[in-house]
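The exercises below concern covalent and ionic links between side chains, and each is followed by a solution worked in steps. Please try each task on the coordinates before reading on.

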Amino acid sequence: MVPPPPPPLQLCFTPQLPVLLLFLFLLLILSPSQNVAGVGINYGTLGNNLPSPKKVAQLLQSTIIDKVKIYDTNPEILEAFANTGIDLIVAVENYHVSNISTDTASADEWLSTRVLPFLPATSVVAIVVGNEYLTADGNQMMKMNPKALVQAMQNMHAALLARGLERKIKVTTPHSMAVLASSFPPSASTFAPDITPTMTSILAFLADTGAPFMVNAYPYFAYRDNPSSVNLEYALLGGSAGVGINASSSGSGGGLYAVHDPKGSIKITVSESGWPSKGDSAATPENAKTYNTRLIERAQSNKGTPMRPKENIEVFVFALFNENKKEGGVSERNFGIFNGDGSKVYQVDLSCQFCSDDGMTFEKISSGVSRGPSVWCVAKPHADEKVLQSVLDFCCGPGGVDCREIDRSGGCFEPEKLHAHASYAMNAYYQMHGRNYWNCDFKGTGLVTFSDPSYGTCRYSQQ
């Protein structure tokens, strides 16, 4: 069990509160003592002009995105992502939480009808129960029982446990940063008093099951509501400019981390973070590009410290698409990297050098460019290097692959990186054995792509 947190600070909603929550987030995401690993994206569907899930899945296979979080269990999406090598996080909507909290049978019925039909072809790695459930506003909050959230999470885990899926699929719930009561410095912060008992139960559950603590964090809103108090460059993840705080000064690696898990046994996931491209003076394509580029770069950096190398933070960018049917102001409908027609709102580099053609777009998929009978197998962008090395050794040894092209004198030696060499060998093995999907598994490190990963003088074989 996780010990109870220290007595909470007094929660005081003042104009400065969003600023303090912003500090907590930036300490978390910018601190060099955090090892941010993996790039995910939120895929919302509140639009009437969006590409089909199949086209979305095809596009994302050609990018660095290795995880996709959705807000329901849309069967078209689950089917479209089958055998793509991309992990999915699915959701129990807020209005279903109460029902699932009643008993394990209700959770199992939800699981058996919504998720199980798509396994194992679709890689579902987490079920999030609700979204910002504890801080829903207005009439919505009046209908929600905090205890129901905890019970629903426990029931869902029990249903997974009964089916032997508890190691593959984790159960958690995303929170807004309003769950924190803030004071200064951020390292002294803790949970809001009215939800501390619920948060204590959730932390105990996460620690017991090995699931991450998810938080949705938006510096944009802190800047929008307090432009005189928040430096724009700081909100855009540009560092500590103009705020009198050094993002690396927290010895604990960030106040948020220390508050949530003093012993370090629960991982943090930034389940939503992004910047809108339209809606007010701060919501511009330029600012959105800057913020999301920096966020993605941070998510790819994998910069830890020798003292704390295992503290990984996953980041999910919000969002994949602008959603023209989403409620709220203009900015709420314009967080997407892509427009509904598939064109980019602004240029953000999502390319994966050894996964596919850098120029893949929705338009090319629709017109058939870069698609056809050819298919290749490459290493996932964030595959474990120890596993990749064993895969490379197997392919070039017992697997029978001719690996001379990745020798020092070969056309695929450069770049001299394990991921590139493993991709070449995996594809050769895949092509040799009939291009069956199981020949591109490689202990979960391979993925199939319809875009030619060849580059320069290095040519990937194909049937």
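A disulfide is here a pair of cysteine sulfur atoms within 2.5 Å. The model is a predicted one, and every value below is computed from it.

**Exercise 1.** Establish which residue is joined to Cys377 by a disulfide, and state what parts of the chain the pair ties together.

*Solution.* Step one is the distance: the sulfur atoms of Cys377 and Cys440 are 2.0 Å apart, and a disulfide joins the two residues. Step two places the partners: Cys377 belongs to strand β12 (residues 376-379), while Cys440 sits in the loop between α15 (418-432) and β13 (446-449), so the link ties together parts that lie 63 residues apart in sequence. Step three is the geometry, where the angle about the S-S bond is 90° and the link of Cys377 and Cys440 is right-handed. Finally, Cys377 and Cys440 are both buried.

**Exercise 2.** Find how many disulfides a search of the whole structure gives, and describe those not yet treated.

*Solution.* The search of the whole structure returns three disulfides. One of them joins Cys396 to Cys403, with an S to S distance of 1.9 Å; its angle about the S-S bond is -90°, and the link is left-handed. For the accessibility of this pair, Cys396 has a relative accessible area of 32% and is partly exposed, whereas Cys403, at 10%, is buried. Another disulfide is formed by Cys412 and Cys458, whose sulfur atoms are 1.9 Å apart. This pair links distant parts of the chain, with Cys412 in the loop between α14 (385-396) and α15 and Cys458 in the segment after β13, 46 residues apart. The link of Cys412 and Cys458 is right-handed, with 100° about the S-S bond, and both of these cysteines are buried.

**Exercise 3.** Explain why the sulfur of Cys395 is too far from the closest cysteine sulfur for a bond.

*Solution.* First, identify the closest cysteine sulfur to that of Cys395, which is in Cys396 at 6.5 Å. Next, compare this distance with the cut-off of 2.5 Å: because the sulfur atoms of Cys395 and Cys396 are 6.5 Å apart, they are too far from each other for a bond. To complete the description, Cys395 has a relative accessibility of 0% and therefore counts as buried.

**Exercise 4.** Locate the partners in the salt bridge of Glu272 and in that of Arg163, and decide whether each residue is buried or partly exposed.

*Solution.* Begin with Glu272, whose side chain meets that of Lys69 in a salt bridge with an N to O distance of 3.8 Å. The two residues lie in distant parts of the chain, Glu272 in strand β10 (residues 268-273) and Lys69 in strand β2 (residues 67-69), 203 residues apart. Glu272 is buried at a relative accessible area of 6%, and Lys69 is likewise counted as buried at 1%.

Turn then to Arg163, which forms a salt bridge with Asp108, their closest N and O atoms being 2.8 Å apart. Since Arg163 is in the loop between α7 (146-162) and β5 (170-172) and Asp108 is in helix α5 (residues 104-114), the pair ties together parts 55 residues apart in sequence. Arg163 is partly exposed, with a relative accessible area of 40%, and Asp108 is partly exposed at 22%.

As a last step, place these pairs in the wider count: the structure holds 10 salt bridges, and a network of salt bridges links Lys67, Asp87 and Glu314.

How values were computed. Residues are numbered from 1 along each chain as its sequence is written. This is a predicted model: local features need pLDDT of at least 70, side-chain atom pairs count only at pLDDT 80 or more; totals for chains, interfaces and linings use all residues. Side-chain values use heavy atoms; hydrogens and water are left out. Helices (H or I, at least four residues) and strands (E, at least two) are DSSP runs, numbered from the N terminus. Buried means under 20% relative accessible area, exposed over 50%, partly exposed in between (1.4 Å probe, protein chains only). A salt bridge is a side-chain nitrogen of Lys or Arg within 4 Å of a carboxyl oxygen of Asp or Glu.
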